[in-house]
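Reader: I'd like a close look at one part of this model, and then a sense of how that part sits in the rest. Take your time and go residue by residue where it helps.

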Amino acid sequence: MRFFAIKGDDTLTGGVQTMFEIILLLSALFAAAVIGAQLVQLVRIPRVVGYLAIGIMSRYVVLWLSDGVLPHETTWLAFQEIISLGLCLILFSIGVEFDATHIRHLRKHIWKLSLAETVVVIVLVFLATWAAGRLGNSVSAIFLAIAATATAPGATLLVLRQYDSKGPLTDHILAMTALNNIVCIVLFYVAFGIFSAMGLVHAERMEHGLVWGILLVTAISAGLGFFLGLLLSTLNSFLNRSEMVLSFIAILLAVSALSKSLGTSMLIVSMFMGVTFANFTIQPHAFRQDVVFLSMPLLVLFFVLAGFKLDLTHLAHLGWVGVAYVLARTIGKIGGAAWGVRWIGPQYHVPETFGTALLCQAGVVIGLGTHLFNHWGWTVDGVWQPSPEAQEVNTVILAAVTLFELVGPVLTKRATVQAGEVKAISLLERRGGSFHEVSTVLSRLRGMLISRSRGSAVIMDNMMHTTRDLMRTNVETLNQTSGMVEVLHFVERSRLNQFYVLDAERRFVGRIDFRDLRNLLFNPMLAKVANAFDMANTNAPVALADQTLDSVFELFQKHNVDSLPVVNDVDERRFLGVIEQRDVLRALHRKSNDHTNGPAF
């Protein structure tokens with residue numbers, strides 16, 4: 001039985017046949033993605049794992065239906081464009097997170113985290129793979145060591161979005177993901193150029209010289225991204241939302257296509273375009289929401305296709321070098337990040353388990369492995385023959401990616417949950433619709449309602465009606481003894497509009513508002529001697545951990561604030577976290593819809 005060859009229709013050939021394959025396979029993969037997302041909800045693991053797993057399963061289903069024949073190479077070329085566009089969108093989305101305030105907050109210490117993790121990973125992976133002795137020379141071990149520094153931006157971003165993670169750890173995960181990939185790309189191309197110039201790598205397909213190639217991947221790519229970010233910011237000032245989305249897609253497609261011919265890095269271009277847009281555009285929030293909405297179908301397809309292209313047979317060829325690579329990279333990421341966290345100190349609220357959130361690895365490193373495969377070798381009788389070292393490095397990378405992409409998202413989720421940056425309600429995620437909506441559709445078809453127990457939904461509703469389920473616990477706070485300079489630095493980097501002051505035993509003392517700071521700054525004498533305790537409103541309202549959402553919403557209405565501190569008791573006032581008004585509104589709206597659309601008996 002041939003799935004990709006339709007019998008009895010001789011006219012369906014050539015390009016029409018290829019187009020049929022593309023459309024049919026895309027349809028099947030989107031449907032499979034929905035199934036995968038629903039299945040992983042049963043075991044409470046990130047959706048991205050379900051997308052990858054269902055992609056892997058789809059590969060073997062297609063092989064079975066088509067008698068072991070995968071889609072035509074032309075089909076894969078079309079899918080490769082989708083993957084490239086997805087990577088551009090992912091890197092742009094990460095870049096948008098770094099506005100000027102965020103960059104100023106991170107720039108003083110993020111380089112320490114990056115340096116510590118990068119050095120430890122490169123040293124450990126190089127020594128481990130070189131000692132394994134299967135690659136023949138140290139050049140291959142260096143390429144593997146550089147590849148190990150990369151962190152998959154797509155899987156990491158999707159996990160953080162799914163669980164609505166927010167806080168210091170989340171900020172550092174995004175920053176390190178961006179830095180890891182920039183460092184990996186630059187080091188890789190620099191090493192490839194140097195080894196080619198030294199004759200250690202036989203590269204017949206080297207399009208650019210050493211210096212020009214490095215400039216294209218670094219400075220020119222960053223400059224092009226800066227220019228396109230300015231262009232996008234300018235367009236955002238006079239185009240409506242739909243026209244802005246169309247312009248954005250046009251620019252991304254151009255970046256994906258032109259980077260291949262110019263020799264620039266489309267990933268670095270996209271990331272710097274996002275950073276520039278975040279810092280130069282006026283009112284970027286609406287467009288950010290549009291990008292999130294636009295990106296979801298593309299990201300889903302990106303990961304299902306990534307799973308479809310992962311060949312589990314690579315795991316059988318992992319060998320001792322592959323095992324050494326996986327173990328050394330895991331130890332290096334966790335140990336290097338822990339060293340970096342100890343280096344920067346505890347004031348940034350980053351746990352030493354930070355490295356477990358950086359283990360995802362996919363698109364970037366696959367592209368670098370493919371570059372080696374396509375450029376390190378010889379042309380024999382007009383046929384390209386990659387070197388054995390390039391083939392083995394690529395095999396190790398692909399096998400390791402299979403493991404890290406399935407395990408990494410789960411560890412990223414675990415790290416953010418343990419840090420207290422994921423709300424409990426996000427972990428109890430329900431499906432989008434209610435049973436009544438489904439039964440209503442079926443009743444119109446069959447003329448009757450289908451009854452089903454909603455016990456589990458009722459239990460879940462009861463579990464999601466307290467402050468504890470919506471609060472975040474990993475929140476930066478001020479010590480009551482902090483002086484004016486420290487308070488101003490804290491306010492500059494905070495993402496909240498109210499700032500909470502605690503004593504040495506983490507009891508809630510009071511709240512500082514922008515208005516209070518503004519009035520104090522106009523009194524220079526008081527500003528010199530005042531500390532956080534003096535500035536705080538000690539009568540600020542608080543929410544209790546077990547308080548109902550209805551009563552918390554009344555507090556928000558009464559006091560007109562965006563967030564409230566959560567304490568264990570009105571007398572002890574031990575600080576537990578922060579709850580935001582928008583999260584309460586969202587939960588109450590969902591509850592209201594469930595009650596309104598509940599089943600009629």
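Author: Let's get one yardstick out of the way: buried is under 20% relative accessible area, exposed is over 50%, and partly exposed lies in between, using a 1.4 Å probe and protein chains only. By that yardstick Pro297, with a relative accessible area of 44%, is partly exposed. Pro297 belongs to helix α12, and α12 is the part I'd zoom in on.

A word on the model before we go further. It is a predicted one, in which local features need pLDDT of at least 70 and side-chain atom pairs count only at pLDDT 80 or more, while totals for chains, interfaces and linings use all residues. Numbering starts from 1 along each chain as its sequence is written, and side-chain values use heavy atoms, with hydrogens and water left out. pLDDT is the predictor's confidence in each residue, on a scale from 0 to 100; its mean for the protein is 76, with 75% of residues at 70 or more. Residues 1-13 have a pLDDT below 50, and beyond near neighbours in sequence this stretch has 22 contacts in the model, a contact being heavy atoms within 4.5 Å. Residues 448-463 are also below 50, with 20 contacts beyond near neighbours in sequence. Where pLDDT is low, the predicted coordinates should not be read in detail.

Back to α12, which covers residues 285-309. Helices (H or I, at least four residues) and strands (E, at least two) are DSSP runs numbered from the N terminus. Two packed helices are described by the angle between their axes and the distance between the axes. Here the axes are lines fitted to C-alpha atoms, for helices over the stretch in contact, and the angles run from 0 to 180 degrees between N-to-C directions.

One partner is α7, residues 153-162, packed against α12 at about 130° with the axes 11 Å apart. The pair is therefore oblique; angles under 35 degrees count as roughly parallel, over 145 as roughly antiparallel, 65 to 115 as roughly perpendicular, and the rest as oblique. The crossing of α7 with α12 is left-handed, a label used if the near helix is turned anticlockwise from the far one by less than a right angle, with right-handed used if clockwise. On the α7 side you'll find Gly154, Ala155, Leu158 and Arg161, and facing them in α12 are Val292, Ser295, Met296, Leu299 and Phe303. Sorted by class, this contact has 6 nonpolar, 2 polar and 1 charged residues. Nonpolar means Ala, Val, Leu, Ile, Met, Phe, Trp, Tyr, Cys and Pro, charged means Asp, Glu, Lys and Arg, and the others, Gly among them, are polar.

Another partner is α10, residues 241-262, whose axis comes within 11 Å of that of α12 and crosses at roughly 60°. That makes this pair oblique too, while the crossing of α10 and α12 is right-handed. Arg241, Met244, Val245, Phe248 and Ile249 of α10 meet Ala286, Phe287, Gln289, Asp290, Val291 and Leu294 of α12. The class split for α10 with α12 is 8 nonpolar, 1 polar and 2 charged.

Pro297 also has a long-range relation worth a click: its C-alpha atom is 9.8 Å from that of Gly86, and the two are 211 residues apart along the chain. Another residue to click is Leu91 in α3, residues 73-96. Leu91 is buried, at 1% relative accessibility. Apart from neighbours within four places in sequence, Leu91 touches Pro153, Leu267, Ser270 and Met271.

What about the loop between α7 and α8 (168-198)? Asp164 sits there, and Asp164 has a phi near 50°, positive in a residue other than glycine. Most residues other than glycine have a negative phi, and most peptide bonds are trans. Asp164 is partly exposed, at 28% relative accessible area.

Now zoom out. The protein has 25 helices and 8 strands, and 50% of its 601 residues count as buried. Among contacts between residues at least 6 apart in sequence, 76% join residues at least 24 apart. Val120 in α5, residues 110-132, gives an example of a long-range pair: its C-alpha atom lies 5.4 Å from that of Gly332, 212 residues apart along the chain.
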